[in-house]
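Please load the model shown below in a viewer and keep a selection prompt at hand. The tour proceeds stop by stop, with a selection and a description at each.

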Amino acid sequence: MPEIKNYTLNFGPQHPAAHGVLRLVLEMDGEVIERADPHIGLLHRGTEKLAETKPYNQNIGYMDRLDYVSMMCNEHGYVLAIEKLLKLEIPERAKYIRVMFDEITRVLNHLMWIGTHALDVGAMTMFLYAFREREDLMDLYEAVSGTRMHATYYRPGGVARDLPDSMPQYQEGRWRSKEEAARLNENRQGSLLDFTEDFTNRFPGYIDEYETLLTDNRIWKQRTVGIGVVSQERAFQLGFTGPMLRGSGVEWDLRKKQPYEVYDRMDFDIPVGTNGDCYDRYLVRIEEMRQSNRIIKQCITWLKNNPGIVLSENHKVAAPRREMAKADMEGLIHHFKLFTEGYTVPEGEVYTAIEHPKGEFGVYLISDGANKPYRLKVRAPGFAHLSSMNEMATGHMLSDVVAIIGTQDIVFGEIDR
């Protein structure tokens with residue numbers, strides 16, 4: 001009896017390299033992929049529909065949970081849409097804080113990406129290195145918002161609160177000696193900006209460590225060079241954005257081409273690949289981390305020299321300060337109205353897009369003049385990237401699927417929504 005070579009294989013949703021709940025149905029010829037069919041929807045939480053039932057401010061928390069590796073960037077797209085409809089001007093300091101945290105978030109996202117991508121391909125050390133740096137950045141999130149991940153820090157009209165003057169300290173305890181705690185607290189003696197500055201001074205050295213481990217590594221290059229090649233023209237047709245598009249040689253970055261907040265005042269470069277394979281996309285993201293570091297440094301310099309308010313003084317939209325709400329009747333009324341029924345947004349529809357770590361994150365918002373959105377549509381960058389899975393994987397081996405999922409930097413929160 002002849003041997004049957006073609007078979008269909010389920011990759012995921014329990015597979016550790018499927019990054020969440022991706023179910024890939026692979027049609028194999030031996031070990032070569034003939035067709036890759038991504039089945040999605042296993043993490044669907046109905047975010048867009050839920051948003052229609054809540055006042056505008058209460059939806060910010062839903063945005064955090066879309067791409068749960070780039071929390072504040074998701075908030076940014078949503079908050080910009082509301083501000084555009086309200087024609088709301090936000091304080092200068094809030095713009096700089098937003099840009100700084102957008103870039104911190106970009107670094108967080110790329111660290112997560114490089115850690116998991118390398119781990120999937122078989123490099124364990126990278127994962128541990130990347131998470132060592134993520135810990136410091138998570139502390140920044142925690143210092144401004146009180147939580148390590150879902151910050152709900154950006155608000156229509158600015159940001160929730162100003163940057164703190166002190167950083168949380170490590171305590172000595174059962175697992176940590178006094179000397180160890182003192183060593184860990186060395187760079188936490190100043191304000192949040194001092195700690196961030198200390199991080200930006202250390203970070204280029206860390207990126208060099210990653211490059212030492214991967215860039216000229218023979219195994220890494222064998223697993224990524226020439227894998228998942230997408231031409232410049234095809235990248236346009238597939239709706240690629242972000243590092244996926246730039247890896248194919250297209251110099252397109254919303255921070256330069258359609259500047260928002262204060263990106264037009266920032267000095268940074270756009271890294272662009274040449275071959276459009278996994279290795280080029282890796283190099284693009286590595287360089288993006290270096291450029292983000294530059295932007296964060298510029299923001300720190302400005303923020304240190306320019307104190308000011310960080311939330312709009314329009315109390316119909318932005319919550320009054322606590323002392324005002326407690327001492328002043330009008331402040332109390334504003335506070336009560338804002339947190340019970342919210343504010344109404346003028347009728348109209350608006351689309352805002354930001355350069356999210358994964359690509360173009362767009363929010364299309366329709367308002368019918370009520371205190372909650374009539375319709376909210378999120379344009380998730382990962383959705384378009386995942387749809388190219390079949391094209392990128394066909395003709396490659398089974399083990400290359402893992403590298404391709406890694407290079408697409410897929411997070412399911414935003415794809416299934």
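## First stop: G77

Select G77, which lies in helix α3 (residues 71-86); helices here are DSSP runs of H or I of at least four residues, strands are runs of E of at least two, and both are numbered from the N terminus. The model is a predicted one, in which local features need pLDDT of at least 70 and side-chain atom pairs count only at pLDDT 80 or more, while totals for chains, interfaces and linings use all residues. Residues are numbered from 1 along each chain as its sequence is written, and side-chain values use heavy atoms, with hydrogens and water left out.

G77 is buried, its relative accessible area being 0%; buried means under 20% relative accessible area, exposed over 50%, and partly exposed in between, with a 1.4 Å probe and protein chains only. Display next the residues T352, I354, F361 and V363, which G77 touches when residues up to four places away in sequence are not counted; a contact requires heavy atoms within 4.5 Å. Then draw a distance from G77 to Y351: the two are 274 residues apart along the chain, yet their C-alpha atoms are separated by 9.2 Å.

## Second stop: the whole chain

Zoom out and colour by secondary structure. The protein chain comprises 18 helices and eight strands. Its radius of gyration is 23 Å, close to the 22 Å that the globule rule gives for 417 residues, so the chain is as compact as a globular protein of that length. This radius is taken over C-alpha atoms, and the rule is 2.2 Å times the number of residues to the power 0.38. Along the principal axes, the C-alpha atoms fill a box of roughly 90 × 60 × 45 Å.

Of the 417 residues, 53% are buried. Among contacts between residues at least 6 apart in sequence, 69% join residues at least 24 apart. A surface representation corresponds to about 18300 Å² of exposed area, of which carbon and sulfur atoms supply 52%; the areas come from the Shrake-Rupley method with a 1.4 Å probe, and for residues only the protein chains shown count as cover.

## Third stop: the nonpolar cores

Select M100, F101, Y153 and L163, the residues with the most contacts inside the largest nonpolar core, which has 80 residues. Such a core is a set of buried Ala, Val, Leu, Ile, Met, Phe, Trp, Tyr and Cys residues joined through side-chain atoms within 4.5 Å. Helix α4 (residues 92-121) provides the largest share of this core, 13 residues. Apart from it lies another core, of 29 residues, including L24, L26, F240 and C278.

Which residues surround Y153 once its neighbours within four places in sequence are left aside? Its contacts include M72, I97, F101, V144 and L163, and also the charged-letter entries E75, R161 and D162.

Now move to C299 in helix α12 (residues 278-305). C299 is buried, with a relative accessible area of 0%. Beyond residues up to four places away in sequence, C299 touches Y96, V99, M100 and M266. The C-alpha atoms of C299 and E103 are separated by 9.9 Å, although these residues are 196 apart along the chain.

## Fourth stop: two loops with positive phi

Select T152, in the loop between α5 (124-145) and β4 (154-155). T152 is not a glycine, yet it has a positive phi of about 50 degrees. At a relative accessible area of 22%, T152 is partly exposed. Add Q58, in the loop between α1 (47-51) and α2 (60-64); Q58 is likewise partly exposed, at 43% relative accessibility. Q58 and T152 are 94 residues apart in sequence and 9.3 Å apart in space, C-alpha to C-alpha.

Then select D409, in the loop between α17 (398-408) and α18 (412-416). D409 also has a positive phi, of about 55 degrees, without being a glycine. Is D409 buried or exposed? D409 is buried, with a relative accessible area of 7%. Its contacts, residues up to four places away in sequence not counted, are N109, W113, R285 and K358.

## Last stop: A181

Finish in helix α6 (residues 178-185), where A181 is found. A181 is buried, at 5% relative accessible area. Leaving aside neighbours within four places in sequence, A181 is in contact with Y170, Q171, E172 and R176. A distance drawn from A181 to A393 spans 48 Å, C-alpha to C-alpha, across 212 residues of sequence.
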